[in-house]
Amino acid sequence: MTDTTTGGDVRLTGIGKTYGSFTAVHPLDLTIPQGSFFALLGASGCGKTTTLRMIAGLEEPSTGTVFLGDRDVTDLPPYKRPVNTVFQSYALFPHMDISENIAFGLRRRGVKSVRKQVDDMLELVQLGDKARHKPHQLSGGQQQRVAVARALINHPQVLLLDEPLGALDLKLRRQMQLELKRIQTEVGITFVHVTHDQEEAMTMADQVAVMNGGRVEQLGAPADLYENPRTTFVANFLGTSNLIEAEVLESGGADVLVTAGGGRLRVPGDRCTSAVRQGGKVLMGVRPEKISLTHADDADAIADGRNRVTGRIADSSFIGVSTQYVVDGPAGTGLQVYEQNIERDTRLVPGAEVVLHWNPAHTFGLDASQAIDAGVETVEDAG
């Protein structure tokens with residue numbers, strides 16, 4: 001039996017939420033391991049915040065159960081759950097200094113000696129020198145850390161973070177990603193973080209649940225989701241993927257052999273979804289940074305055994321560390337290639353005939369019955 005006083009996994013069983021005829025979250029099962037940094041990632045309206053609010057007790061589930069450890073907390077009000085939430089608007093009290101803001105929860109519960117705990121929290125979030133400042137005297141990132149300290153001082157089993165970095169500019173957001181990860185590692189409690197920012201989820205979380213249309217599309221470690229997407233939505237939503245329409249030639253061996261744009265390509269069988277093994281039309285995927293670009297005149301120098309397709313450069317953008325190319329060819333239009341600027345070939349300009357080639361091990365295969373551009377839309381488009 002789990003000792004529920006010290007923690008336990010967050011377990012959602014069949015949890016769902018409907019508003020009249022609209023389903024915000026389809027019944028889902030999800031286990032968030034104790035002590036992990038877990039991200040719910042998706043575009044606006046995918047159900048991630050509703051899921052978080054059901055864990056917090058701020059939203060009543062239409063179906064299912066919320067467990068903290070072995071304790072069923074589904075019917076408990078928010079203040080009786082060992083859970084605290086940090087919102088995008090930090091909701092600090094403007095008339096109180098930072099120490100008083102952090103101590104607020106303890107004082108409200110009648111705890112008399114709060115000084116030591118407040119000092120410990122100030123040290124944890126590295127704001128010991130700001131104890132007497134008012135919130136308006138702090139930067140956005142510092143206010144965010146005060147909000148985290150105020151939540152953590154109550155020793156919750158789970159800290160819920162609802163788009164906590166959304167109001168910060170890019171540079172500060174990157175700093176705070178590392179800062180939050182440091183704090184979580186130091187205190188060792190479960191953080192559940194809702195975000196629409198893929199980079200944020202990948203940087204901070206041990207595990208990511210990618211949500212789409214009220215369902216968990218895929219769950220896993222960031223690197224695994226990126227390298228082995230199981231749906232077109234995940235392939236496109238996490239970074240950029242080239243998805244090429246192909247036809248299966250052979251699927252019996254360790255590799256699946258496909259044809260696309262007149263060329264034969266190999267895909268590792270263990271990187272294909274089950275539908276690919278059944279043959280017919282498939283989508284073959286490869287990330288832009290895995291592809292090398294060689295001028296057609298030098299095609300003979302490409303090593304044997306690599307996957308290759310031909311094309312013509314339609315566009316190129318120099319962005320410092322790399323050059324991003326857009327290539328059109330028989331295998332598809334708008335194929336993207338990111339090449340590091342180490343030894344640039346000056347012939348690789350728009351209009352140039354090229355060969356795109358890559359290690360077959362970097363290819364993945366997906367079911368072609370899905371929309372090829374699922375997940376491509378921006379957060380603004382998703383509305």
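Seven residues of helix H5 are buried, namely Arg173, Met176, Gln177, Glu179, Leu180, Ile183 and Gln184. The model under discussion is a predicted one. The covered residues of H5 pack against both strands and helices: strands E3 (37–41) and E8 (190–195) on the one hand, and helices H3 (115–124), H4 (140–152) and H6 (198–204) on the other. The length of H5 is a friendly check on its geometry: at 1.5 Å a residue, the 18 residues from 170 to 187 should span 26 Å, and the end C-alpha atoms are indeed 26 Å apart, so the two values agree.

Both ends of H5 can be described as well. At the N-terminal end, Asp169 acts as a cap, with a side-chain oxygen 3.2 Å from the backbone nitrogen of Lys171. After the helix comes Gly188, whose phi is positive, near 70°. A comparable detail accompanies helix H1, where Gly57, just after the helix, has a positive phi of about 90°. Helix H1 (residues 48–56) is mostly covered, with 7 of its 9 residues buried. These are Lys48, Thr50, Thr51, Leu52, Met54, Ile55 and Ala56.

Attention now turns to charged pairs. Across the whole structure, the search finds 18 salt bridges. One of them joins the side chains of Lys116 and Asp120, with N and O 2.8 Å apart. Why do Lys116 and Asp120 lie about one helical turn apart? The two residues are 4 residues apart in helix H3, and therefore about one helical turn separates them. Lys116 has a relative accessible area of 58% and is exposed, whereas Asp120, at 37%, is partly exposed.

A second salt bridge pairs Arg174 with Glu199, whose closest N and O atoms are 2.7 Å apart. Because Arg174 lies in helix H5 and Glu199 in helix H6, this pair ties together parts that are 25 residues apart in sequence. Both partners are partly exposed: Arg174 has a relative accessible area of 40%, and Glu199 one of 39%.

Glu227 and Lys290 also form a salt bridge, with 3.1 Å between their closest N and O atoms. The pair links distant parts of the chain, 63 residues apart: Glu227 belongs to helix H7 (residues 222–227), while Lys290 is in the loop between strand E14 (281–286) and strand E15 (292–295). The partners fall into two accessibility classes. Glu227 is partly exposed at 28% relative accessible area; Lys290, at 19%, counts as buried, because the class is set at under 20%. Elsewhere, Arg173, Asp197 and Glu200 are joined into one network by salt bridges that share partners. Arg173 is also among the buried residues of H5.

Finally, Leu238 is worth a look. Leu238 sits in the loop between helix H8 (232–237) and strand E11 (242–250). Is this loop residue buried or exposed? With a relative accessible area of 0%, Leu238 is buried. Leaving aside residues up to four places away in sequence, Leu238 touches Leu41, Gln198, Met202, Val210, Leu225, Tyr226 and Arg287. The C-alpha atoms of Leu238 and Leu335 are 17 Å apart in space, and the two residues are 97 residues apart in sequence.

How values were computed
Residues are numbered from 1 along each chain as its sequence is written. This is a predicted model: local features need pLDDT of at least 70, side-chain atom pairs count only at pLDDT 80 or more; totals for chains, interfaces and linings use all residues. Side-chain values use heavy atoms; hydrogens and water are left out. The expected span of a helix is 1.5 Å times one less than its number of residues. Buried means under 20% relative accessible area, exposed over 50%, partly exposed in between (1.4 Å probe, protein chains only). Contact means heavy atoms within 4.5 Å. A polar contact is a pair of N or O atoms within 3.5 Å; within protein, one must be able to donate a hydrogen and the other to accept it, and residues adjacent in sequence count only if both atoms are side-chain atoms. A salt bridge is a side-chain nitrogen of Lys or Arg within 4 Å of a carboxyl oxygen of Asp or Glu.
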